[in-house]
Amino acid sequence: MGSTLSVVASVAILRSSFNEFVPQELRTYLWDFSRRFSSELAMVVEQSHEGSTNDLFNALVTYLGSNAFSASTIPQRLAVGKNESMKQLTFGLDKNSEIVDTFHGVKMRWAYYSDYNSALHYELRWYELRFHKQHTDMVKNKYLPYIIDLAKRIKDQNRVVKFYTTRGGRDGWSSKGINLDHPMTFETLAMDGELKQVVIEDLNNFIRGKEYYRKIGKIWKRGYLLYGPPGTGKSSLIAAMANYLNFDIYNLNLAAVNSDSSLEYLLLHMSNRSILVVEDIDCSIMLHNRQSAEHHQLDQNITVRPPQVTLSGLLNAIDGLLSCCGDERIVVFTTNYKDRIDPALLRAGRMDMHVYLSYCTFSTFKQLAANYLDIWDHDLFSPIEKLIGQVQVTPAEVAGELMKTKDPKASLEALITFLENKANDQSDQQHGNDSKDGHQFQSSSKSTFDPADKVSAAKEEKSPAVVASPSMKVSEYTIKAELAPILEAVLTKYGDICANSSSKSIQFRSSFLEIACGIIQKLQITALKDLTELELKSMLSSVHDLESLNVEVSWLHHRLDEILQAIPLIEHCAVSREEKRQDVQETTECCSGKSNSVR
Ligand SMILES: Nc1ncnc2c1ncn2[C@@H]1O[C@H](COP(=O)(O)OP(=O)(O)OP(=O)(O)O)[C@@H](O)[C@H]1O
């Protein structure tokens, strides 16, 4: 044993002396000469390749380092370290050390060398791979690409997610970014189970879709619109997405960007594998065409600086040529009021998935109770289920109540009191509205988070969890009572339009039907001349969403198209009528001697 050790030690000493005293050119020559007679092939991977960084070298640093403890021959010396952009320690081969990796049963011998060139003050580093010549094709076509791919995944998993914000003007993004230390994950995010799964699946498909996107000629990017009342978890969902994918977040404050070209500059300086977030897109900026970007004088004293980024600038940035300057990009818009957003921004291809974050349902409450109190069931769940069905309460509010004490019983009782108070408040508000409006539809369709936005309310409140007015069952669906006659008529005329819907959940299907019936109701109660183009386009956008979920509403789509085409004619007629009226009035005034010129 002692003699074996001394032989190994002598070989190691000889080897390191050889490397130290024999110049690299001579060593290379000697190796090449000896290999002429060998069945082994050697490949050298230098730090730089043809004048630029060698991606394979960098991949090897990660791959061999991560394999260091599982390789068939563990190296005697390892380099180890960590920096602030990494979550965990990383390992690498130290100078002149070797490792044997096994791939598809074939032994791959790796060694790492470095050589300091004192004239150039430059350290040359390289890896050397030796394997049997018969595996050359496999190494070229499978092993090395596998290393590059795996190293990328290892690196992505180990990197700390960064958060960047705009500094305004041409200053670009905050230079270093701060570590995103947000604890929200898909496990802790309370969201309807099915919807959460749909989002996760969509992200998975996107991440695995590089080849698919290339094949169909589409830029590898995905857009999500997150909408819903404040406090329902839009920002939390973004954090969960970033943590799940290990993507950096670039938080774009459009109001701080002073021109379309600054926006271009910012997008060109985002890293790959990142999420571009524009929060509250409806109110952070009013996007208009360039012509209207003038200073608006609200009154004599107040001048409002107009938006500097135009709608076309933003559209260009999202899906114009500029958007191909990066890979694996996700764009997320959030809003409390989907109907205030220009439909051009919402169409598929720009915002591929619209995710509605609703008020708290019983299912979301149960997830919050599990997160905050570690309970999955309790006697007090039953009254809470009843109250949550009647009250509009956000997950943020419920979470706030559950945080007050760790004692489950006390916490749930406090939540019940909170929900009862809220129910009374909402009921008082409802009565106030009823007596003010004297109109059942208007009062019940008003949303407490946006009393002004009827169109938004007509859609947002349709989630079964958010029903404030009485519900009714029509066939197997539960729908707002006031929409029940419309649904009955639709089912009689067109059959079950949700029969082929991509969602099997009755709850979801009911909410799709409420959206469709809400649109029909709006069309029924509004005179054609009072419908704005924006309202119609927003209805079309909802119908488009329903179609993408395989809800059969082509007849409604067709009807909306017809109305949209008719609007200019209606406006034209209105103008002609007004002109005629003015003509008649002027003639009458002239005849009766009341015209300005006579006066
Ligand atoms: N769905 C949810 N699951 C778990 N926690 C939630 C959820 N929604 C809200 N919360 C809690 O409420 C807090 C505020 O929620 P968040 O900021 O995500 O809401 P938001 O919809 O983005 O609100 P806003 O529209 O005002 O920006 C979160 O930090 C989290 O603690």
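Me: Before we look at this predicted model, what makes a residue count as buried, partly exposed or exposed?
Reply: You count the other C-beta atoms within 10 Å of the residue's own. With 12 or fewer the residue is exposed, in between it is partly exposed, and to be buried it needs 20 or more.

Me: Okay, along strand 9 (residues 162-165), which side chains point to the buried face?
Reply: In a regular strand, side chains alternate between the two faces of the sheet. Strand 9 shows that alternation: Phe163 and Thr165 point to one face and are not buried. The residues that point to the other face, and are buried, are Lys162 and Tyr164.

Me: Which residues stand opposite Phe163 in strand 10 and strand 12?
Reply: Strand 9 pairs with strand 10 (residues 178-179) in the antiparallel sense over 2 bridges. With strand 12 (residues 248-251) the pairing is parallel, over 3 bridges. Opposite Phe163 you'll find, in strand 10, Ile178, and in strand 12, Ile249.

Me: So what is the order of the strands in the open sheet of 7 strands?
Reply: The pairing in this open sheet is mixed. Strand 9 is a good place to start, as it pairs with strand 10 and also with strand 12. Written out in full, the order is 10-9-12-13-16-11-17.

Me: And which strands stand at the edges of that sheet?
Reply: Look for strands with a single partner, because one side of each is then left without a neighbour in the sheet. That description fits strand 10 and strand 17 (353-356).

Me: Which residue in strand 16 stands opposite Tyr227?
Reply: Strand 11 (residues 221-227) runs parallel to strand 16 (residues 329-335), and 7 bridges pair them. Opposite Tyr227, in strand 16, stands Thr335.

Me: Is Val355 buried or exposed?
Reply: Val355 lies in strand 17. Its contacts, leaving aside neighbours within four places in sequence, are Val199, Tyr224, Leu225 and Leu226. Val199 is 156 residues away along the chain, yet the two C-alpha atoms are separated by 8.3 Å. Val355 has 20 other C-beta atoms within 10 Å, so it counts as buried.

Me: There's a hairpin of strand 18 and strand 19 too. Which residue in it takes a positive phi?
Reply: Strand 18 (residues 471-474) and strand 19 (residues 477-480) run antiparallel and are joined by 4 bridges. Met472 stands opposite Ile479 there. The hairpin has 2 residues between the strands, and a phi near 55 degrees belongs to Ser475.

Me: Asp374 also has a positive phi. Is it buried or exposed?
Reply: Asp374 isn't a glycine, but its phi is about 60 degrees. Its place is the loop between helix 12 (362-373) and helix 13 (381-390). With 9 C-beta neighbours inside 10 Å, Asp374 counts as exposed.

Me: What about Arg273: how many C-beta neighbours does it have inside 10 Å?
Reply: Arg273 sits in the loop between helix 8 (260-268) and strand 13 (274-278). Its phi is positive, near 50 degrees, and it isn't a glycine either. Arg273 counts as partly exposed because its number of C-beta neighbours inside 10 Å is 19.

Me: On to the helices: how far does helix 19 reach from its first C-alpha to its last?
Reply: Helix 19 covers residues 506-525, so 20 residues, and at 1.5 Å a residue the expected span is one step fewer than that count. The buried residues in helix 19 include Phe508, Leu513 and Ile519. The reach is close to the expected value, at 28 Å.

Me: And which residues does Met138 touch, not counting those up to four places away in sequence?
Reply: Met138 belongs to helix 4 (residues 136-158), and with 14 C-beta neighbours inside 10 Å it counts as partly exposed. Phe103 is 35 residues away in sequence, and 9.7 Å away from C-alpha to C-alpha. The residues Met138 touches are His104, Val106 and Tyr143.

Me: Last one: which domains does the ligand lie between?
Reply: Of the 15 residues around the ligand, Pro230, Gly233, Ser235, Ser236 and Ala396 come nearest. Helix 7 (234-245) and helix 14 (395-402) each give two or more residues to the shell, which divides into 8 nonpolar, 6 polar and 1 charged. Two domains give residues to that shell, so the ligand lies between domain 2 (162-356) and domain 3 (359-432).

Notes
Residues are numbered from 1 along each chain as its sequence is written. This is a predicted model: local features need pLDDT of at least 70, side-chain atom pairs count only at pLDDT 80 or more; totals for chains, interfaces and linings use all residues. A residue is near a molecule or strand if its C-beta atom, placed from the backbone, lies within 6 Å of it. Ala, Val, Leu, Ile, Met, Phe, Trp, Tyr, Cys and Pro count as nonpolar, Asp, Glu, Lys and Arg as charged, and the others, Gly among them, as polar. Domain bounds come from an automatic or database domain assignment. Two strands pair if DSSP finds at least two bridges between them. Two residues are in contact if their C-beta atoms, placed from the backbone, lie within 7 Å.
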